[in-house]
Amino acid sequence: MTDINWNDYSLETQAIRAGHRRTQEDEHSLPIFATSSYVFKNAEEAALRFTGQKPGNIYSRFTNPTVDVFQQRLALMEKGERCLAFASGMAAIMAVGMGLLKAGDHVVCSRGVFGNTVLLFQNYFGKFGVETDFVDLIDASAWEAAIKPNTRFLFLETPSNPLTEIADIAVLADIAHRHQALLIVDNCFCTPALQKPLELGADVVVHSATKYIDGQGRCVGGAVVANEDIIEKHIYPYLRTGGATMSPFNAWVFLSGLETLAVRMKAHCDNAFELARWLEQQVGVSKVYYPGLASHPQHELARRQQTHFGGVVSFEVVGGKDKAWALIDATALVSITANLGDVKTTITHPATTTHGRLTPEVRAAAGIKDGLIRISVGLENVEDIKRDLGRAL
Ligand SMILES: *Cc1c(COP(=O)(O)O)cnc(C)c1O
């Protein structure tokens, strides 16, 4: 067999084929290496592997062939030099903080990030002397104004959850770099199938593989993608020591998720676009949030920055919380659950679930109204999803 340079191939092909070195068993499907440790030929080889003078597996907290294939594939797909897998999306974000920050550092973070990310920065990194300021995702001047001499990085998600606001990654990367800071992007909502933050100037991409990368709601996992220098100096030593490792079984599930990622994302986006346009016409719906709609304030930016508009649609119903809850309870097909990125459509009331721990004032400032409903549009026939919501409306 001829060696392949996977950088020459497109994302769909990388997602299916890159990284698998067939063993002497000639298997076609990637095996799960369920082993905690590896055997050395002799004592000298063990010593050389431990010091890194000789490549090879050592111990599955930080080297496992199945996990490694997942890492290689995601790195290629994100156009990054290297990827490390973690036990969850939160473990990946934790690793970025533990690897890059020290006491006395400062972080600027979007107000619109995943709730646990806010808590991680505020409560846990805060406990060790790292200060975080939160800013409006789409206000570039607020980001720049919040930067201090000790700012180590800027952290954001785009599109935001649940209001689907879009940040200009290239502009914020430029601002970060002018102040000797890094830009970290949580690319969970778009995945590399729709958006490649590293190509736009970001320094680090983090993922919750739990969402679209798995795609069928089975496993919890995460990843960090960056250049060799950042991974080798800052992230890998923390993974090796801190140990929030992805299991080989989960890596194997995520690899099969990656194989269908591009086609699934396209189908999610097509269904979401159709549902968003339909929702805009429904009596009782006062507002629809979806970057694909011409009414979305950053529609043009989304067109430029993403190859498609994503699978999450939010909308407001007239009548506040009571009406929103009644609508959710009147559905029959869609699942009432906070997870997203699944082939099954899910429906959530952000004000009383994902954003329920915020005070009413903070929630109002973040634009999360009581009548707001978030839908992660799945791959069922969109007419069936419409029928379910239409009856509930
Ligand atoms: C779910 C999620 C996370 C956390 O990932 P887990 O795998 O649940 O730990 C982080 N960021 C975003 C945008 C998410 O949706």
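Tutor: Two strands pair if DSSP finds at least two bridges between them. Strand β11 (residues 346–348) and β12 are joined by three bridges, so they meet that rule.

Student: What kind of model is this, and how are its residues numbered?

Tutor: It's a predicted model, where local features need pLDDT of at least 70 and side-chain atom pairs count only at pLDDT 80 or more, while totals for chains, interfaces and linings use all residues. Residues are numbered from 1 along each chain as its sequence is written, and side-chain values use heavy atoms, with hydrogens and water left out.

Student: In which sense do β11 and β12 pair, parallel or antiparallel?

Tutor: Antiparallel. T346 stands opposite S376 in β12. Strands of a sheet pair through backbone hydrogen bonds, either parallel or antiparallel.

Student: What makes something a strand here?

Tutor: Strands are DSSP runs of E with at least two residues, helices are runs of H or I with at least four, and both are numbered from the N terminus. β10 covers residues 335–336, so it just satisfies the minimum of two.

Student: Which strands does the sheet with β12 contain, and in what order?

Tutor: Five strands, ordered β8-β9-β12-β11-β10, form an open sheet with mixed pairing.

Student: Why are β8 and β10 called edge strands?

Tutor: Each of them, β8 (285–289) and β10, pairs on one side only. The partner of β8 is strand β9 (residues 312–317), antiparallel over four bridges, with V288 bridged to F315. β9 is also joined to β12 by five antiparallel bridges, and there V312 has S376 as its partner.

Student: Why is β12 said to be largely enclosed?

Tutor: Because five of the five residues in β12 (372–376) are buried. Buried means under 20% relative accessible area, exposed means over 50%, and partly exposed is in between, with a 1.4 Å probe and protein chains only. L372, R374 and S376 point one way, I373 and I375 the other way, and all are buried.

Student: What does the other open sheet look like?

Tutor: This one has seven strands in the order β1-β7-β6-β5-β4-β2-β3, again with mixed pairing. Its edge strands are β1 (82–86) and β3 (131–135), each pairing on one side only. On average, neighbouring strands are turned by 20° against each other, direction ignored.

Student: Which helices pack on that sheet?

Tutor: Helix α4 (residues 89–100) packs there, touching β1, β4, β5 (182–186), β6 (204–208) and β7 (222–226). Helix α9 (residues 228–242) touches β1, β4, β5, β6 and β7 too. Contact means heavy atoms within 4.5 Å.

Student: How are those helices directed?

Tutor: α4 makes about 150° with the direction of β6, and α9 makes about 20° with that of β1. Axes are lines fitted to C-alpha atoms, for helices over the stretch in contact, and angles run from 0 to 180 degrees between N-to-C directions.

Student: How do you know which way β4 pairs with its neighbours?

Tutor: Strand β2 (residues 106–110) pairs with β4 (residues 151–157) in the parallel sense over four bridges, with V107 opposite F153. Five bridges join β4 to β5, again parallel, and F153 stands opposite L182 in β5.

Student: What makes β5 largely enclosed?

Tutor: Five of its five residues are buried, so the rest of the structure largely encloses β5. L182, I184 and D186 cover one side, L183 and V185 the other, and all are buried.

Student: Why is A46 called buried but A142 partly exposed?

Tutor: A46, in helix α2, has a relative accessible area of 17%, so it falls under the 20% limit and counts as buried. A142, in helix α6 (residues 140–146), has 22%, so it falls between 20% and 50% and counts as partly exposed.

Student: Where is A209, and is it buried or exposed?

Tutor: A209 sits in the loop between β6 and β7. Its relative accessible area is 0%, so it's buried. Leaving aside neighbours within four places in sequence, A209 is in contact with F70, D214, G221, G222 and F254. A209 and G221 are twelve residues apart in sequence and 5.0 Å apart in space, C-alpha to C-alpha.
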